[in-house]
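Subject: Structure handover

Hi there,

Here is the structure I promised to pass on to you. Have a look at it first, and my notes follow below.

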Amino acid sequence: MGLFDRFRRPQSAEARNLENPSAPVSAADFLQVMGWGDLSSASGVNVTIENALGVPAVWAATNFISGTLASLPLEVFQKTATGREPVTVGIGAWIDRAVNPHLSSFGWRKYTFEQVLTGGRSVTQIVRSGRGDVTDLIPLDPSSITVSETTDAAGFPTKAYRTAEYVYSAEEVLDLTFMVKANQLDNRSPIFTNKDVIGLAIAAARYGSKAFMAGGIPPAVITGPFQSGAAAQRASEDVANTTAKLAREGRSIMALPAGHELKSIGFSPDQMQLLPLQQFCIEQIARIYSLPPIFLQDLSHGTYSNTEQQDLHFVKHTLRRWIEQAEAEMNLKLFGRSSDVYIRYNVDSLLRGDFKTRMEAHATSIQNGIRTPNEVRALEDMLPLPDGDQLMIQGATVPISSQGSPANEV
């Protein structure tokens, strides 16, 4: 049974309401009932997630952000009196590998952020053992879920996540949203909220395709000494057929009978500034996702210096927001707000493809007594050295203990 089939019922005068399973909700107006409103854009295009992903800039932004976040290692730590220690049992043993027997951690996280960056929300079921330990994570279809307000056993306001088969409490799911509405229940989709911009990009692509299909010839009107409407219709069809033939054959000259004239009533792609319009749409979509345009393969304004700065902007302002949100949700729902165990994304792994920068950072950390050689070797998946567990200092790069005390050097 499809998503919309669950809500199809015989028409009646009863008001539409998802809380009432007998209320009629058709596929055409389901998204309006869900709170996303009218999906038609000012350009006349009916914007959906599927055709929005047909816009290369939306496709690139969604895949780039979700793929980058999914590629970052997830690490589990426990706070101690002296700092922290890695957790390698329980959830710490599988959260970065596979969230259930059939789904990798990368696949789960990429799917999760794909849903957030398109429909605006992702929901994942938390499966626990009889002792309360988290054993699996199962992603749910967010389009099949409605969120309502309820109260917990202590009378505290909370949320209920309702599907056609089950109702989940807030403690049973991980809920990530792009943006929530004032009622703290419904979410805002970046695609539907910005439907006019995305609709404009879709319309521009469609217009360009139709222009090329017509040989680049804009709509025209033919005038002449027609004796009847039928004659005018035949002349119009002849001109249309001839124009299509010329386009197929790559010819650009067409003869008209004496006394007839062909006048353009549309604009050519050049007159409509189609290329600048598509460039504008890329920049607008980049703004929607707080993404520097260079990551949408737009290097029209890129230089060596500002490209490097935009790379830093992506990590500091775009990625960090999603990382903080995901970490906070997982730490709250998986461990509780008073737990000393927490999950952390390893952002340093972004340098995995930058060998030179990574090695320079390792050298600096060793020479300034920040990390031992063996700690650095462990980060590079290398075997430890026999004498590599001592901190070093700049100079001769020798163990700190061999430097002596300044008081003894008088």
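The lining of the largest pocket is made up of 15 nonpolar, seven polar and twelve charged residues. Bear in mind that this is a predicted model. The pocket has a volume of about 1,200 Å³, and 34 residues line it. Nearest its centre you will find P73, E75, N346, S349 and L379. Several elements each give two or more residues to this lining: the strands β1 (74-80) and β2 (83-86), and the helices α4 (91-94), α11 (355-367) and α12 (373-379).

N346 is a good residue to start from if you want to look around the pocket. It sits in the loop between β13 (341-345) and α11. Its relative accessible area is 15%, so N346 counts as buried, the cut-off being under 20%. Its side chain makes a polar contact of 3.1 Å with the side chain of E75. Leaving out residues up to four places away in sequence, N346 touches L72 and P73 as well as E75. Both P73 and E75 are also on the list of residues nearest the pocket centre.

Now for the fold as a whole. The protein has twelve helices and 13 strands. Of its 410 residues, 33% are buried. Among contacts between residues at least 6 apart in sequence, 57% join residues at least 24 apart.

One example of a contact between distant parts of the sequence involves I285, in helix α9 (residues 274-288). I285 and V58 are 227 residues apart in sequence, yet their C-alpha atoms are 6.7 Å apart in space. Besides V58, the contacts of I285 beyond four places in sequence are V55, A57 and V197. With a relative accessibility of 1%, which is under 20%, I285 is therefore classed as buried.

E329 belongs to helix α10, which spans residues 304-335. Outside its neighbours within four places in sequence, E329 is in contact with V173, L174, D175 and L176. The relative accessibility of E329 is 14%, so this glutamate is buried too.

Two backbone angles may catch your eye when you check the torsions. Q184 is not a glycine, but its phi is positive, at about 65°. It lies in the loop between β10 (173-177) and α6 (190-193). S290, again not a glycine, has a positive phi of about 50°, and its place is in the loop between α9 and α10. As for accessibility, Q184 is at 47% and counts as partly exposed, and S290 is likewise partly exposed, at 42%.

Finally, a word on confidence before you set anything up. The mean pLDDT of the protein is 80, and 75% of the residues reach 70 or more. Over residues 1-36, however, the pLDDT is below 50, although this stretch has 59 contacts in the model beyond near neighbours in sequence. Where pLDDT is low, the predicted coordinates should not be read in detail.

Happy to talk any of this through whenever it suits you.

Best wishes

Conventions. Residues are numbered from 1 along each chain as its sequence is written. Side-chain values use heavy atoms; hydrogens and water are left out. pLDDT is the predictor's confidence in each residue, from 0 to 100. Contact means heavy atoms within 4.5 Å. On a 1 Å grid over the protein atoms alone, a cavity is a set of points where a 1.4 Å probe fits but cannot get out, and a pocket is an open set with protein on both sides within 12 Å along at least five of seven lines; lining residues have an atom within 4 Å of a point. Grid points are joined across faces, edges and corners, and a volume is the space filled by probe spheres set on the points. Helices (H or I, at least four residues) and strands (E, at least two) are DSSP runs, numbered from the N terminus. Ala, Val, Leu, Ile, Met, Phe, Trp, Tyr, Cys and Pro count as nonpolar, Asp, Glu, Lys and Arg as charged, and the others, Gly among them, as polar. Buried means under 20% relative accessible area, exposed over 50%, partly exposed in between (1.4 Å probe, protein chains only). A polar contact is a pair of N or O atoms within 3.5 Å; within protein, one must be able to donate a hydrogen and the other to accept it, and residues adjacent in sequence count only if both atoms are side-chain atoms.
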